[in-house]
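Reader: I am new to this structure and would be grateful for a close account of one part, namely the surroundings of the ligand. Please describe the residues there and the hollows in the protein.

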Amino acid sequence: MRRPIVVANWKMHTHSADAGILATSVRNNVADFEGVSIIICPPMIWLTEVASIIGKGGRLEVGAQNAFFEAEGAYTGEVSPTMIKDVANYVIVGHSERREYFGETDLDVNEKTIAALKAGLTPIICVGERKKKNNPDEPVSELIEALAHIPKKNYKDIIVAYEPVWAIGTGENADPIYVSKIITKLREIVHSNTSILYGGSVNSGNAESYAKMPQVDGLLVGGASLRAADFVKICRTWSLSKNFKNDLFVIKEEDEDSN
Ligand code: PGA
């Protein structure tokens with residue numbers, strides 16, 4: 001369902017002690033934020049630990065940063081979606097760093113998305129153009145490929161993250177109006193109730209500019225999610241987003257009618 005969501009992607013950062021401190025600090029500081037779902041994606045090795053710190057059924061949830069597409073077998077080093085489902089409800093698939101450094105193809109992303117859905121996980125599918133261009137073709141094609149063979153009725157069970165690769169970790173966040181235009185194109189592919197997030201050099205200073213955009217349902221935050229104070233500020237901004245984004249709820253009502 002379309003709702004405000006902030007995802008923390010810790011990538012390959014933190015050791016056991018600081019993962020615990022970061023998770024605890026975020027948990028303690030977002031406890032009374034309403035109107036936003038917060039999903040923490042720590043390194044796989046700390047997934048269980050972070051899940052136990054943040055507890056179940058609260059404002060915070062955990063997700064994995066990756067999963068294999070098989071349920072089990074002789075796949076040394078891999079972790080399956082069904083294993084992740086024991087501790088988490090979400091998994092990031094198709095992040096540009098997986099595509100670039102681990103050779104993941106659109107087909108892999110599609111298989112992982114299907115496997116995640118089968119395991120009962122919500123996939124957070126990342127798409128985005130590599131080079132800066134004023135054109136939605138690349139993310140649109142990545143999303144179409146990621147959703148191949150998936151029945152349309154499942155589209156409401158996924159989250160899409162539009163992450164222009166040129167904006168990731170560069171300090172050059174994409175213009176919110178540009179982001180809104182691309183998300184409008186991506187929305188034509190998915191269910192009108194699918195949440196579509198933006199990611200790429202988000203910080204506590206620019207988070208509000210996206211929260212004001214009715215097309216943007218949330219954020220996927222990398223670097224800034226490793227700093228508890230910054231991340232909490234971003235979550236606070238999004239918990240207030242309904243105040244300056246009433247049309248989000250109007251859109252939802254229209255969605256109910258049109259589906
Ligand atoms: P960034 O990363 O916020 O550090 O740019 C975003 C991401 O890769 O998910």
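Author: What follows describes the ligand site first, then the pockets, and finally a few further places in the chain. The model is a predicted one.

The ligand is surrounded by 14 residues, and the closest are Lys11, His95, Gly169, Ser201 and Gly223. Three contacts may be described with their distances. His95 brings a polar side-chain atom to 2.7 Å from an oxygen atom of the ligand. Ser201 takes part through its backbone, a polar atom of which is 2.7 Å from a ligand oxygen. Gly223 likewise uses a polar backbone atom, here 2.8 Å from an oxygen atom of the ligand. Taken alone, the ligand exposes 280 Å², and the protein buries 95% of that area.

Two of these closest residues deserve attention for their backbone. In general, most residues other than glycine have a negative phi. Lys11, which is not a glycine, has a positive phi of about 50°. Its place is the loop that runs between strand 1 (5-9) and helix 1 (16-30). Ser201, also a residue other than glycine, has a positive phi near 55°. Ser201 sits in the loop between strand 7 (195-199) and helix 8 (207-211). The relative accessible area of Ser201 is 16%, and because buried means under 20%, Ser201 counts as buried.

The pockets come next. The largest pocket has a volume of about 660 Å³. Its lining consists of 25 residues, and those nearest its centre are Lys11, Met12, Gln65, Arg98 and Phe102. Lys11 is thus named both here and among the residues closest to the ligand. Helix 4 (residues 96-101) gives the largest share of this lining, five residues. By class, the lining of the largest pocket holds 13 nonpolar, seven polar and five charged residues.

The second largest pocket has a volume of about 210 Å³. It is lined by 18 residues, with Gly169, Ser201, Val202, Gly222 and Gly223 nearest its centre. Of these, Gly169, Ser201 and Gly223 are also listed among the residues closest to the ligand. The lining of the second largest pocket divides into five nonpolar, ten polar and three charged residues.

The protein also contains an enclosed space. One cavity of 30 Å³ or more is counted, and the largest cavity has a volume of about 40 Å³. Its lining includes Gly94, Ser96, Arg99 and Cys126. Helix 4 and strand 5 (122-127) each supply at least two residues of that lining. Helix 4 therefore appears in two descriptions, as the source of the largest share of the lining of the largest pocket and as a contributor to the lining of the largest cavity. The cavity lining has four nonpolar, three polar and three charged residues.

Two further loop residues complete the account. Asn66 is in the loop between strand 3 (60-64) and helix 3 (81-85). With a relative accessible area of 13%, Asn66 is buried. In sequence, Asn66 and Val79 are 13 residues apart, while their C-alpha atoms are 8.3 Å apart in space. Asp217 belongs to the loop between helix 8 and strand 8 (218-221). Asp217 counts as buried, at 1% relative accessibility. The side chain of Asp217 makes a polar contact of 3.0 Å with the side chain of Arg187.

Methods:
Residues numbered from 1 in each chain as written. Predicted model: local features only at pLDDT ≥ 70, side-chain atom pairs only at ≥ 80, totals over all residues. Heavy atoms only, no water. Helix = DSSP H or I, 4+ residues; strand = E, 2+ residues; numbered from the N terminus. Buried < 20%, exposed > 50% of the residue type's maximum accessible area, 1.4 Å probe, protein only. 1 Å grid on protein atoms, 1.4 Å probe; cavity = no way out; pocket = protein on both sides within 12 Å on 5 of 7 lines; lining within 4 Å. Points joined across faces, edges and corners; volume = space filled by probe spheres on them. Nonpolar A, V, L, I, M, F, W, Y, C, P; charged D, E, K, R; others polar. Near = heavy atom within 4 Å. Polar contact = N/O pair within 3.5 Å; in protein donor to acceptor, adjacent residues only side chain to side chain. Areas by Shrake-Rupley, 256 points an atom, 1.4 Å probe, with all protein chains shown as cover.
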